[in-house]
Every structure is written in structure tokens, then in C-alpha cells.
Amino acid sequence: MTTALASHARGIETAILEAGPEDRDRAGSRAIYVHGSTLRTLERICPGLGTDLVEEGLVWPTRRTLYKGTEVFKRTYDSPGGSGDIPHFTSVPQVVTYKGGVGSGQF
């Protein structure tokens, strides 16, 4: 996903393919968190792209990951917004990032 966003930001036509059928069971989170290091990388590659993702997403004090209804990861941040424009993470649905909801247009 990160490579597709970065490539698209540089004007390279990009397609994201999934190996499984569209109607398969997709239990648990699927690329819902974009980590701060990824946001900063995208921001360096294309100024505004990391902050666009932050604006589209949600920043919470606690990040949780569930798998089949069971919590498998939990972390609470003292300063959820991090320092500066890029938080520790943003929670943005995968479909928003690759269906034209972020950045300079559709993939």
C-alpha cells in the first residue's frame, strides 16, 4: 500500500491486486493503521501526502488490533498526536487510501 501511494504520488500508474476472491472472509483489521514512520516517509516523497492521510483518518490515544473479535494488540500513547504534524499513527480504512480518498486522485 505504501509503495502504491508513493509511486502514484510520483506519477506512476499503480494497481493493487489481492490474491483472494473478493467475497472471502476478511476477519480482523486490514491495513487500517498507517504508522507514523510510514506517514513521514510518504510526506518526504510527496509533501502533503502524509498529512492528507492523517486528515482522512482518526488519531486515538489507544491503538487496538482485533483478530476474529479477540484483542491481539493494545498500546496507549501519552501524546497521541505525536510531535508536529505527523502523529504516532492514523486509523484510515484501506478502501479510502486506494479508492481516491487520499492524495492527488485515484489509482
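Are Tyr33 and Phe89 buried or exposed? I looked up both in this predicted model, and both Tyr33 and Phe89 are buried.

**Entry 1. Overall layout**

I began with the chain as a whole. I find four helices and four strands, and along the sequence they follow the pattern α-β-α-α-β-β-β-α. The chain has 107 residues, of which 28% count as buried. I then looked up the exposed surface of the chain, which is about 6800 Å², with carbon and sulfur atoms supplying 50% of it. For contacts with a separation of 6 or more, I note that 64% join residues 24 or more positions apart.

**Entry 2. Aromatic rings**

I next searched for aromatic pairs, and the structure holds two. In the pair of Tyr33 and Phe89, the ring centres are 5.0 Å apart and the planes stand at 85 degrees, so I record this pair as edge-to-face. Tyr33 belongs to strand S1 (residues 33-35) and Phe89 to strand S4 (residues 89-91), so the pair ties together parts that are 56 residues apart in sequence.

The other pair is Tyr77 with Phe89: their ring centres are 5.7 Å apart and their planes are at 40 degrees, so the pair is tilted. Tyr77 lies in the loop between strand S3 (70-76) and S4, while Phe89 is in S4, so this pair links parts 12 residues apart in sequence.

I checked accessibility for two of these residues. Tyr77 has 9% relative accessibility and therefore counts as buried. Phe89 has 0%, so Phe89 also counts as buried. Taken together, Tyr33, Tyr77 and Phe89 form one aromatic cluster.

**Entry 3. A charge over the rings**

Which residue places its charged end over the ring of Tyr33? I find Arg63 there, with its charged end 5.9 Å from the ring centre. Arg63 also lies over the face of Phe89, at 5.4 Å from the centre of that ring.

**Entry 4. The S2–S3 hairpin**

I then followed the pairing of strand S2 (residues 62-67) with S3. The two strands run antiparallel and are joined by six bridges. Among the residues involved, Thr62 has Thr76 in S3 as its bridge partner. S2 and S3 form a hairpin with two residues between them. In the turn, I note that Lys68 has a positive phi of about 50 degrees.

**Entry 5. The nonpolar core**

How many residues make up the largest nonpolar core? I list 10: Leu5, Ala6, Val34, Leu39, Leu42, Leu49, Leu53, Val54, Ile86 and Val92. H1, H2 and helix H3 (49-56) each supply at least two residues of this core. The largest share, three residues, comes from H3.

I looked further at helix H1 (residues 2-9), where Ala4, Leu5, Ala6, Ser7 and His8 are buried. Just after H1, Gly11 takes a positive phi of about 85 degrees.

**Entry 6. Pro87**

I turned to Pro87, which is found in the loop between S3 and S4. Its relative accessible area is 5%, so Pro87 is buried. Leaving aside neighbours within four places in sequence, I find Pro87 in contact with Gly36, Leu39, Arg40, Val54, Val59, Pro80, Gly81 and Gly82. For one of these partners, Val54, I also looked up the C-alpha to C-alpha distance from Pro87: the two are 7.7 Å apart in space and 33 residues apart in sequence.

**Entry 7. Arg40**

Where does Arg40 lie? I place Arg40 in helix H2 (residues 36-45). The relative accessibility of Arg40 is 40%, so I enter Arg40 as partly exposed. Which residues does Arg40 contact, leaving aside its neighbours within four places in sequence? They are Ile86 and Pro87. Ile86 is also one of the residues of the largest nonpolar core. Finally, I looked up the separation of Arg40 from Gly50, 10 residues apart along the chain, and their C-alpha atoms are separated by 6.2 Å.

Notes. Residues numbered from 1 in each chain as written. Predicted model: local features only at pLDDT ≥ 70, side-chain atom pairs only at ≥ 80, totals over all residues. Heavy atoms only, no water. Buried < 20%, exposed > 50% of the residue type's maximum accessible area, 1.4 Å probe, protein only. Contact = heavy atoms within 4.5 Å. Phe/Tyr/Trp six-rings, centres within 6.5 Å; stacked < 30°, edge-to-face > 60°. Lys NZ or Arg CZ within 6 Å of the ring centre and 35° of its normal. Pairing = 2+ DSSP bridges. Core = buried A, V, L, I, M, F, W, Y, C linked by side-chain atoms within 4.5 Å. Areas by Shrake-Rupley, 256 points an atom, 1.4 Å probe, with all protein chains shown as cover.
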